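Visitor: I have a structure to look at. Can you walk me through how its strands fit together?
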Amino acid sequence: MHYSAYHSVDVVNGEGTRCTLFVSGCEHACKGCYNQSTWRADSGHLYIQALEDQIIADLNDKRIKRRGLTLSGGDPLHPVNVETILQLVKRVRDECPDKDIWLWSGYQLNELSEAQHAVVALVDVLIDGKFEQEKADPALLWRGSSNQIVHRFTRE
Ligand code: SF4
């Protein structure tokens with residue numbers, strides 16, 4: 001997997017203070033996309049074990065308390081990213097049990113593959129659907145366009 005950016009302290013991509021990873025790779029090609037440089041799956045930087053370890057350490061950092069991890073892009077559920085993202089969200093669940101996970105994807109919840117569902121089963125909030133320019137509304141919270149849905153899951 002490749003990623004375009006990692007912010008260890010972020011207050012704009014989800015509720016609270018967060019760690020945010022913008023992955024590379026997106027096949028939705030939404031008109032008006034704000035992040036076209038992330039479309040190519042091999043753009044940006046190679047995601048390595050050291051970064052994953054750093055994300056876990058940042059989430060557990062007591063000096064700056066993070067509420068959770070945000071996964072955006074690009075698309076974290078792009079088929080080339082799913083396996084690595086699943087490994088990451090499993091680690092967060094195991095090693096950072098009090099943190100939440102938010103994930104933005106251009107795929108809709110009802111069209112996900114089994115592998116994509118395995119990731120979504122471990123996140124707290126999914127914002128799904130392509131960005132549709134004609135439905136764009138800057139007043140929307142956490143969404144760029146009104147077709148997108150904020151799904152809040154209750155995990156056991
Ligand atoms: S899903 Fe997001 S990153 Fe992908 S093309 Fe649409 S707006 Fe851009």
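What follows is a short set of questions and answers about the sheet in this predicted model.

Visitor: In what order do the 7 strands lie in the open sheet?
Guide: The pairing in this sheet is mixed. In general, strands of a sheet pair through backbone hydrogen bonds, either parallel or antiparallel. The order is 3-1-2-4-5-6-7.

Visitor: Which strands stand at the edges?
Guide: Look for strands with a single partner strand. One side of each is then left without a neighbour in the sheet, so these are the edges. They are strand 3 (45-46) and strand 7 (149-152).

Visitor: Which residue in strand 3 stands opposite H2?
Guide: Strand 1 covers residues 2-10 and runs antiparallel to strand 3. The two are joined by 2 bridges. Opposite H2 stands L46.

Visitor: Which strands does helix 1 touch?
Guide: Helix 1 spans residues 49-59 and packs on the sheet. Its direction makes about 155° with that of strand 2. The strands touched are strand 1, strand 2 (18-23) and strand 4 (68-72).

Visitor: Is the crossover from strand 5 to strand 6 right-handed or left-handed?
Guide: Strand 5 (residues 100-105) and strand 6 (residues 125-128) run parallel, joined by 4 bridges. One bridge pairs S105 with D128. The chain passes through helix 3 (residues 114-120) on the way, and this β-α-β crossover is right-handed.

Visitor: Do strands 6 and 7 run parallel or antiparallel?
Guide: Here, V125 stands opposite R152 in strand 7. Strand 6 and strand 7 are joined by 4 bridges, and they run antiparallel.

Note on methods: Residues numbered from 1 in each chain as written. Predicted model: local features only at pLDDT ≥ 70, side-chain atom pairs only at ≥ 80, totals over all residues. Pairing = 2+ DSSP bridges. Contact = placed C-beta atoms within 7 Å. Axes fitted to C-alpha atoms, helices over the stretch in contact; angles between N-to-C directions. Right-handed = clockwise from strand over helix to strand, strands pointing away.
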